[in-house]
Amino acid sequence: MCPTGILEPGNELNMRVAYLPQVKAGKESYCTGCRRCEYACPEWCIYVIDQEEESSNEKAKT
Ligand code: SF4
């Protein structure tokens, strides 16, 4: 699903006994923001957030 291969199963199980995906340590910068993981998640529990955009929005609120 992820074209960059940066996702892996995490250590936490959700209530459906599935391992939550997580980004491999140190690979965060390889995310292209394509949102394939978000669209592929059947439970709508993955959200792709642009951290730079989030931080600029936080600054605008203050
Ligand atoms: S948005 Fe999701 S599928 Fe796309 S590169 Fe980032 S982690 Fe991978």
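**Figure 1. The whole chain, with two helices and two strands.** This is a predicted model, and reading along the sequence you get the pattern β-β-α-α. The radius of gyration comes out at 14 Å, well over the 11 Å that the globule rule gives for 62 residues, so the protein is more spread out than a compact globule. If you want a box for it, the C-alpha atoms fill roughly 40 × 25 × 20 Å along the principal axes. How many of the 62 residues count as buried? The share is 0%. As for contacts between residues at least 6 apart in sequence, 36% of them join residues at least 24 apart.

**Figure 2. The same chain, viewed through its pLDDT.** The average for the protein is 87, and 98% of the residues score at least 70. Which element has the lowest mean pLDDT, and which the highest? Helix 2, residues 51-61, sits at the bottom with a mean of 82, while helix 1 takes the top spot with 92. A general caution for anyone picking up coordinates: where pLDDT is low, they should not be read in detail.

**Figure 3. The hairpin made by strand 1 and strand 2.** The two strands pair in the antiparallel sense, with four bridges between them. To pick out one pairing, P9 has P21 in strand 2 as its bridge partner. Five residues separate the strands in the hairpin. Is strand 1 largely in the open or buried? None of its seven residues is buried, so strand 1 lies largely in the open.

**Figure 4. A closer look at V17, in the loop between strand 1 and strand 2.** V17 isn't a glycine, yet its phi is positive, at about 55°. For context, most residues other than glycine have a negative phi. V17 belongs to the turn of the hairpin. Why does V17 count as exposed? Because it has 6 other C-beta atoms within 10 Å, and a residue is called exposed at 12 or fewer.

**Figure 5. R35, in the loop between strand 2 and helix 1.** Here is another residue that has a positive phi without being a glycine: for R35 the angle is about 70°. Helix 1 covers residues 36-40. R35 has 12 other C-beta atoms within 10 Å. The cut-off for exposed is 12 or fewer, so R35 counts as exposed.

**Figure 6. M1 and the residues it touches.** M1 lies in the segment before strand 1, which spans 7-13. Which residues does M1 contact once its neighbours within four places in sequence are left aside? They are R36, C37 and A40. M1 is nonetheless exposed, with 11 other C-beta atoms within 10 Å. For a longer ruler line, try M1 to V48: they are 47 residues apart along the chain, and their C-alpha atoms are separated by 14 Å.

**Figure 7. The shell of 13 residues around the ligand.** Which of these residues come nearest to the ligand? C2, C31, C34, R36 and C37 do. By character, the shell divides into eight nonpolar, three polar and two charged residues. R36 and C37 also appear in the M1 view, as contacts of M1.

How values were computed:
Residues are numbered from 1 along each chain as its sequence is written. This is a predicted model: local features need pLDDT of at least 70, side-chain atom pairs count only at pLDDT 80 or more; totals for chains, interfaces and linings use all residues. A residue is buried if 20 or more other C-beta atoms lie within 10 Å of its own, exposed if 12 or fewer, and partly exposed in between; C-beta atoms are placed from the backbone. Two residues are in contact if their C-beta atoms, placed from the backbone, lie within 7 Å. The radius of gyration is taken over C-alpha atoms; the globule rule is 2.2 Å times the number of residues to the power 0.38. A residue is near a molecule or strand if its C-beta atom, placed from the backbone, lies within 6 Å of it. Ala, Val, Leu, Ile, Met, Phe, Trp, Tyr, Cys and Pro count as nonpolar, Asp, Glu, Lys and Arg as charged, and the others, Gly among them, as polar. pLDDT is the predictor's confidence in each residue, from 0 to 100. Two strands pair if DSSP finds at least two bridges between them.
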